[in-house]
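This report covers the ligand surroundings and the nonpolar cores of one model. The sequence and structure come first.

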Amino acid sequence: MATRQKPGGVKHRHKLWFGVVGASALVLAGVAAGFVILLSGGFSTAATTQHFWITHRLLDIGLSVSVNAAASHIKVPALTDPTMIAQGMACYRMHCIDCHGAPGEAPAAAGRGMLPVPAPLSQATRDWSTAALYYITKKGVRMTGMPAWEFRMSEHSLWSTVALLAAMPQLSISQFDDLKARSQSSTCPVNTVSPQTPYPDRGEMLLRQYACHSCHRIEGVTGPKTYAGPELNRWSERKYIAGVLPNTRQNLTQWIHNPQSVNPLTMMPNLAVPESHAEEIARYLLAPR
Ligand code: HEC
Ligand code: HEC
């Protein structure tokens, strides 16, 4: 019995083998074709072209599945407190309105020229749970231009903004404008708490979130080939900071927190890095590599 079955088994295995090789070849051909199109210059990166309908749909589905999975464990606090909604308005006015607009108010020029275009958020509660709105606001959406606010807004500011988004569908234009006018003197408190991520990832994440790698090349951090600022590779071996201060953790924290306090003429901008975050970044840069 066993000897008669064997040839059939081998044939079957052959078929499977051909199937796997065929499928892999197809995938490889697809990837190669993608590269050829990308490198031929035929693929437009202009923001004035539009995505294929199917690309847009697939990205939307991907976003929704990913966000809902990540948001499923988030506990939502009570969001109906009017002072919280008023606080949310201060944050919305400062950080969101330029891209997303508001009831009766168009987005600013930059927000109108983006691809994908940021949608009005007055109906966002129809598409997303409040936990999902919190997650998107906190973490951003990669490759769309939606920024992460985790390090620019305190936990309470994030939830306050979500409270406003949740209240928005019930607000008339005049109620919205009234709330907005009353929020003019309020600010949106920033996050000064260090992220829960373990060290050293925490320092690296903060460093990226304050755009340090937009001007400095830093080993282990993917970013543009930039030389606007000096390279920060093997920073622990450096003697001085910007030629002015001895390279200690305390001095480096001070430099990152407020470079102008060390040298008023420096080209490095003040990036509003709170001291707690500056210290994490300093620890990361100073670790021997
Ligand atoms: C620099 C522009 C920009 C700013 C500023 C901005 N967003 Fe966005 N936002 C986007 C883009 C782009 C998208 C993605 C649109 C898409 O994928 O279709 C987006 C998507 C979203 C979404 C998902 C909504 C949807 O239609 O699926 C939410 C919620 C959101 N943003 C909230 C906020 C909040 C809250 C703020 C302020 C704290 C904010 N955004 C600030 C550009 C911005
Ligand atoms: C817009 C560009 C820009 C950004 C963003 C930027 N820097 Fe700088 N940085 C500079 C420039 C320019 C210098 C040189 C300044 C000088 O010597 O006075 C500098 C100097 C430094 C130095 C001293 C370098 C040396 O060779 O002595 C350190 C350390 C540093 N930056 C860290 C950071 C960190 C950390 C961040 C993010 C929080 C950051 N920078 C963001 C432009 C930038």
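## Nonpolar cores

A nonpolar core is a set of buried Ala, Val, Leu, Ile, Met, Phe, Trp, Tyr and Cys residues joined through C-beta atoms within 7 Å. In this predicted model, the largest such core holds 30 residues. Leu133, Val162, Ala163, Leu164 and Leu165 touch the most other members. At least two residues of this core come from each of helix 3, helix 6, helix 7 (155–167) and helix 8 (173–182). Another core, of 15 residues, lies apart from the largest one, and Ile241, Ile256, Val273 and Leu285 are among its members.

Beyond its neighbours within four places in sequence, Leu165 is in contact with Leu121, Ala124, Thr125 and Leu133. In soluble globular proteins, nonpolar side chains tend to be buried together.

## Surroundings of ligand 1

Around ligand 1 there are 24 residues, of which Cys96, Cys99, Pro118, Ala119 and Met146 come nearest. Helix 3 (82–100), helix 5 (124–127) and helix 6 (130–139) are the elements that give two or more residues to this shell. The largest contribution is that of helix 3, with 6 residues.

By class, the shell around ligand 1 consists of 15 nonpolar, 7 polar and 2 charged residues.

## Surroundings of ligand 2

Ligand 2 has 23 residues around it, and the nearest of them are Cys212, Cys215, Gly229, Thr266 and Met268. Its shell is made up of 18 nonpolar and 5 polar residues, with no charged residues. The shell around ligand 1, in contrast, includes 2 charged residues.

Key. Residues numbered from 1 in each chain as written. Chains lettered and ligands numbered in written order. Predicted model: local features only at pLDDT ≥ 70, side-chain atom pairs only at ≥ 80, totals over all residues. Near = placed C-beta within 6 Å. Helix = DSSP H or I, 4+ residues; strand = E, 2+ residues; numbered from the N terminus. Nonpolar A, V, L, I, M, F, W, Y, C, P; charged D, E, K, R; others polar. Buried ≥ 20, exposed ≤ 12 C-beta atoms within 10 Å, placed from the backbone. Contact = placed C-beta atoms within 7 Å.
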